[in-house]
Amino acid sequence: MKIIYEPKDGDNIDAIKTMYPTKSVWITKNTTIGEDSSTIFGYVLDGAVSINANGQLWNLQSRNYFAFNGQVEFSFKNDQSSIWTVEKKGYRCMPIVGQIEDNGRLSYIDGCSDSVLVSMPRMGDPVLNYLHFPTGIYQTQHTHPSIRMGIVIKGSGEAFQEKDTHQDGWVKPLKKGCMFMLSEQELHSFRTSDDVMDIIAFHPDSDTGPTDENHSMINRTYIEHGK
């Protein structure tokens, strides 16, 4: 697990050479990132920022998340503002802006919850998730088939890998502002004690979502009165 504990402007975790070319970057100064063939996903951790993207100007603040295509220009309101971004190369999203809630809408393992923030327009596309860990969580060890990029946006906890005959194990403390990456198939869990912990996590792929044969528009369309 790669972690940057107190990231500064421009600090990044580079996964361009993985199966899903991706790069997360911490931004605190006026800058432009992205390419015509990229999507920039992100979250405003603190402060406020103006974003020029997809032909429009967006004014965002803390607790806002977003996804934009191509080049994205950031202009900060003050020195205390900070944004976590993930660039996914070779993918163009449906532009979106939103605000997180205090709990996830969906159940996750071992008493946690999550919400899909930026959903996949088609099955297999990338997705941005919100994860909520209440106090006293001790997750079951698990893996993911692709990399995970993330940032802790609230509270504190730990990521860990249990020691056994096949691995040495590790423990990584986590707190607000930590940005991290889990490699493909990296065994891990999260745990909390007296504090909650919230995380924004980027998944470069998905196994659910609409297809041409299965989506809400076509599924609720009847010809000849339902025959």
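Here are some short exercises on the aromatic rings of this structure, each with a worked solution.

Keep in mind that this is a predicted model, where local features need pLDDT of at least 70 and side-chain atom pairs count only at pLDDT 80 or more, while totals for chains, interfaces and linings use all residues. Residues are numbered from 1 along each chain as its sequence is written, and side-chain values use heavy atoms, with hydrogens and water left out.

**Exercise 1.** Work out how the rings of Phe-41 and Phe-202 are arranged.

*Solution.* Start with the rule: rings of Phe, Tyr and Trp (its six-membered ring) pair if their centres lie within 6.5 Å, and planes under 30 degrees apart are stacked, over 60 edge-to-face, the rest tilted. Here the centres are 5.0 Å apart and the planes stand at 50°, so Phe-41 and Phe-202 make a tilted pair. Next, find them in the chain: Phe-41 is in strand E5 (residues 38-46) and Phe-202 in strand E19 (residues 197-203), 161 residues apart. (Strands, E, are DSSP runs of at least two residues, numbered from the N terminus.)

**Exercise 2.** Sort Tyr-138 and Phe-160 by exposure.

*Solution.* Grab the cut-offs: buried is under 20% relative accessible area, exposed over 50%, partly exposed in between (1.4 Å probe, protein chains only). Tyr-138 has 48%, so Tyr-138 is partly exposed. Phe-160 has 2%, so Phe-160 is buried.

**Exercise 3.** Which residue lies over the face of Phe-160?

*Solution.* Check for a charge over the ring: NZ of Lys or CZ of Arg within 6 Å of the ring centre and within 35 degrees of the ring normal. Arg-191 is the one, at 4.2 Å from the ring centre of Phe-160. Likewise, the charged end of Lys-172 sits over the ring of Trp-170, 5.0 Å from its centre.

Definitions and conventions. Helix = DSSP H or I, 4+ residues; strand = E, 2+ residues; numbered from the N terminus.
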